[in-house]
Structures are given as C-alpha cells and as structure tokens.
Amino acid sequence: IAMVVAEAFGSFKTPVKIIASDIDSKVLAKAKAGVYPLASISKIPIERQKQFFHKGKGANEGKVKVVDELRQMVQFKKLNLTDQSWDVKAPLDIIFCRNVMIYFDKPTQSTLWQDFAKNLQPGGRLMIGHSERLSGPDTQLFESVGITTYQRHQTNDASRVTPEQE
C-alpha cells in the first residue's frame, strides 16, 4: 500500500496516513523492522524492488530490507478487533481486513462489520478476503462495489452507526 501511495504522489512525503495493525506484537515488530527473505519479493516488479528495498550483504545475504522512507510512511499499532474501541482516529477512508473474519463466529463477524462501518467515513471502502462475504442484515451497512470490495453507505441505520460517526 505504501509503495502505491509513494508512487502516486511521486514522494515518500504524502498526506496519506497508513496504519498497519495486528494483535500479535511479534508480527508487528517484524513488519516494523521491514526485513524479509529475498524470495518474498520475487513477484514485485524489478523497478519497485530497486526503489523500495535494499538487498542484504554478508550475514544478511538472501534478505531484503524495506527502505527507511517507506517504513516511515506506516504507523504500526497493536489492535484487537474485538476490543470495545480501537486506538485509531476515525473516520477512515479505507480498511483492508483480508482473511481475518473467517476466524470469527457469525455473531462476532456481525459486530465487526458494524465496527468497520462506524470507523469508516460515509462512502469509505472496506476490502476483505476472497473467502469472506457480508450476509444478512450486515449487508445494509455496505454496498458491494466488487467481489471483495464494499463501500459504506452514505447514510446507515442510526442504531448501527452512532451519530458522532455520521
């Protein structure tokens, strides 16, 4: 995401704020360090690899590190989706939550769909995984704009989205 944003703006200094979150502190620490096996970026075009990664040498042979400027575009936060409130400044323009909902039961999924709607601005986008779908009353919160892309309705049922979020 940060690579696409940097390319779109032609700079690492952009008005876009990116928050990367996980419940696992170890996963966040690894992401923040930005060091990965060289093979993990094999599908990234060579030009992007050259622009956004440094190849390791010596003891770091076979590894790459995300350039500092790109890593600094991302704020890494521990976040438990099932907490009553999230430590993020809403409303958000887009939420990527891919292949996470499949691990929750239907009632928890329903609560999370509502939480996503509360934290998205009207018209904001929700990107989910290919094996995930909104169903039942939760479909009233979003409009499908693609196979795994949903847009928050401009207005939602007041019982589902608080007035402060409208």
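Trainee: Where does asparagine 99 lie in the chain?

Mentor: This is a predicted model, in which local features need pLDDT of at least 70 and side-chain atom pairs count only at pLDDT 80 or more, while totals for chains, interfaces and linings use all residues. Residues are numbered from 1 along each chain as its sequence is written, and side-chain values use heavy atoms, with hydrogens and water left out. Helices (H or I, at least four residues) and strands (E, at least two) are DSSP runs numbered from the N terminus. In those terms, the place of asparagine 99 is the loop between S6 and H5.

Trainee: What is the phi of asparagine 99?

Mentor: Most residues other than glycine have a negative phi, and most peptide bonds are trans. Asparagine 99 is partly exposed at a relative accessible area of 37%, where buried means under 20%, exposed over 50% and partly exposed in between, with a 1.4 Å probe and protein chains only. Although asparagine 99 is not a glycine, its phi is positive, at about 60°.

Trainee: Which two residues are joined by a cis peptide bond?

Mentor: The proline of the pair, proline 91, belongs to the loop between S5 and S6. With an omega of about 5°, the cis bond joins alanine 90 and proline 91.

Trainee: Which residue follows H2?

Mentor: At the start of H2, a side-chain oxygen of aspartate 24 comes within 2.8 Å of the backbone nitrogen of lysine 26. After H2 there is a residue with a positive phi, near 70°, and this residue is glycine 34.

Trainee: How many residues apart in sequence are the parts that the salt bridge of arginine 48 and glutamate 7 ties together?

Mentor: A salt bridge is a side-chain nitrogen of Lys or Arg within 4 Å of a carboxyl oxygen of Asp or Glu, and the structure holds three. In one of them the side chains of arginine 48 and glutamate 7 meet at 2.7 Å, N to O. Arginine 48 lies in helix H3 (residues 46–52) and glutamate 7 in helix H1, so the parts that the pair ties together are separated in sequence by 41 residues.

Trainee: Which helix holds both aspartate 68 and arginine 71?

Mentor: These two residues form a salt bridge whose closest N and O atoms are 2.3 Å apart, and aspartate 68 is partly exposed at 38% relative accessibility. Aspartate 68 and arginine 71 are three residues apart, about one turn of the helix, and both lie in H4.

Trainee: Is lysine 77 buried or exposed?

Mentor: The side chain of lysine 77 meets that of aspartate 87 in a salt bridge of 3.2 Å, N to O. Aspartate 87 lies in the loop between S5 and S6 and lysine 77 in strand S5, so the pair ties together parts 10 residues apart in sequence. Aspartate 87 counts as exposed, at 58% relative accessibility, whereas lysine 77, at 16%, counts as buried.

Trainee: Which element supplies the largest share of the lining of the largest pocket?

Mentor: A pocket is an open set of points on a 1 Å grid over the protein atoms alone, where a 1.4 Å probe fits and protein lies on both sides within 12 Å along at least five of seven lines, and lining residues have an atom within 4 Å of a point. The largest pocket holds about 1800 Å³ of space, the volume being that filled by probe spheres set on the points, which are joined across faces, edges and corners. Its lining has 50 residues, and Ile1, Ile18, Ile19, Ala20 and Ser21 lie nearest its centre. The largest share of the lining, six residues, comes from S6.

Trainee: Which helix gives the most to the largest nonpolar core?

Mentor: A nonpolar core is a set of buried Ala, Val, Leu, Ile, Met, Phe, Trp, Tyr and Cys residues joined through side-chain atoms within 4.5 Å. The largest has 19 residues, and Leu81, Trp86, Ile95, Trp113, Phe116, Leu126 and Phe142 have the most contacts inside it. S6, helix H5 (106–119) and strand S7 (120–128) each supply at least two residues of this core; the most, four residues, come from H5.

Trainee: How many strands does the chain have?

Mentor: Buried residues make up 34% of the 166 residues in the chain, and its C-alpha trace spans about 60 × 35 × 30 Å along the principal axes. Read along the sequence, the pattern is α-β-α-β-α-β-β-α-β-β-α-β-β-β. Beside five helices, the number of strands is nine.

Key:
A polar contact is a pair of N or O atoms within 3.5 Å; within protein, one must be able to donate a hydrogen and the other to accept it, and residues adjacent in sequence count only if both atoms are side-chain atoms.
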